[in-house]
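User: I'd like to learn how to read cavities and salt bridges in a protein model. Could you walk me through it?

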Amino acid sequence: MNVNEKFIISINRELGSGGRSVGEQLAARLGVPFYSKAVIQGLQKKYNLTAEEIERRKGQDHSWWAELKRTMALGLAMAQQQYKYQMVNDDADSLTTDYMFKTEVEILQGIAESESCVVAGRSSFYVFRDHPNHLNILIQAPMEQRIARLMEKKGIGREEAQKLIDDVDRMRESYVRKYTGTSRYDTRNYDLVISMADHTIEDAVELIMKYIER
């Protein structure tokens, strides 16, 4: 991957692994926006973005995403403060229809055409698989570490944390299989797989930076 040209880094991660934090810090290091699934769905809701509306915009202006950001005063600050637009719980099981998936893909592809960025999402590795300058990363962690992180982050008990992880793992795998025809655990989908077993968030970011700069 060449950081001197327009690039896309996709972060797929296990709940409780710290993958979101890795993505945020990596984006900050690279000086590019960070987009999560919550941001994409938040934009859909806030600005009523539909597949048809996006197609209309693309017909008027190929760089519709850049124009949309200018029009709505969206930019790096919006991307870095994604929780402001988090209208859905990214950890919870939420209904995703074929129509919603198509709209999400359109938004992601629009972003890729317009700017370099880091994207955290269940299907971003698939959406950007043919992008000429992309890096797909999977962030994993041992179950005990995931449980402990979730307990601390959400202030919940061990049993609730374990159930949430099990539910989200099942939901995300079902989502990926349905819309991509592959498994999110298939390492062939990624350029880099990182286990957080012996790494901090900062360690993981450094590993990724060294991989990029090699």
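**Cavities and salt bridges**

Analyst: Let's begin with the inside. The largest cavity has a volume of about 110 Å³. Keep in mind that this is a predicted model.

User: How many cavities of 30 Å³ or more does the structure hold?

Analyst: There are three of that size.

User: Which residues lie nearest the centre of the largest cavity?

Analyst: The lining has 12 residues, and those nearest the centre are Lys-37, Glu-104, Leu-108, Gly-121 and Ser-123.

User: Which elements supply at least two residues each to that lining?

Analyst: Two helices and a strand do: α2 (37-46), α6 (98-114) and β3 (117-120).

User: And how does the lining split by class?

Analyst: It's a mix: five residues are nonpolar, four are polar and three are charged.

User: Okay, on to salt bridges. How many does the structure hold?

Analyst: Eight in total. The cut-off to keep in mind is a Lys or Arg side-chain nitrogen within 4 Å of an Asp or Glu carboxyl oxygen. Take Arg-146 and Asp-169: their side chains meet at 2.8 Å, N to O, so the pair counts as a salt bridge.

User: What does that pair tie together?

Analyst: Arg-146 sits in helix α8 (residues 143-154) and Asp-169 in helix α9 (residues 158-180), so the bridge joins parts that are 23 residues apart in sequence.

User: Is Arg-146 buried or exposed?

Analyst: Buried means under 20% relative accessible area. Arg-146 has 2%, so this residue is buried. Asp-169 is buried too, with 14%.

User: Which residues are linked with Arg-146 in a network of salt bridges?

Analyst: Glu-14 and Asp-169 are the ones linked with Arg-146 in that network.

User: Where do I look for a bridge inside one helix?

Analyst: Try Arg-177 and Glu-173, whose side chains meet in a salt bridge at 2.7 Å, N to O. Both are in helix α9, and being four residues apart puts about one helical turn between them. Glu-173 is buried, with a relative accessible area of 13%.

User: What about a bridge whose two residues differ in burial?

Analyst: Look at Arg-188 and Asp-186, which form a salt bridge with their closest N and O atoms 2.8 Å apart. Arg-188 has 74% relative accessibility and counts as exposed, whereas Asp-186 is buried at 18%. When you read a bridge, then, check each residue on its own.

Notes
Residues numbered from 1 in each chain as written. Predicted model: local features only at pLDDT ≥ 70, side-chain atom pairs only at ≥ 80, totals over all residues. Heavy atoms only, no water. Buried < 20%, exposed > 50% of the residue type's maximum accessible area, 1.4 Å probe, protein only. 1 Å grid on protein atoms, 1.4 Å probe; cavity = no way out; pocket = protein on both sides within 12 Å on 5 of 7 lines; lining within 4 Å. Points joined across faces, edges and corners; volume = space filled by probe spheres on them. Nonpolar A, V, L, I, M, F, W, Y, C, P; charged D, E, K, R; others polar.
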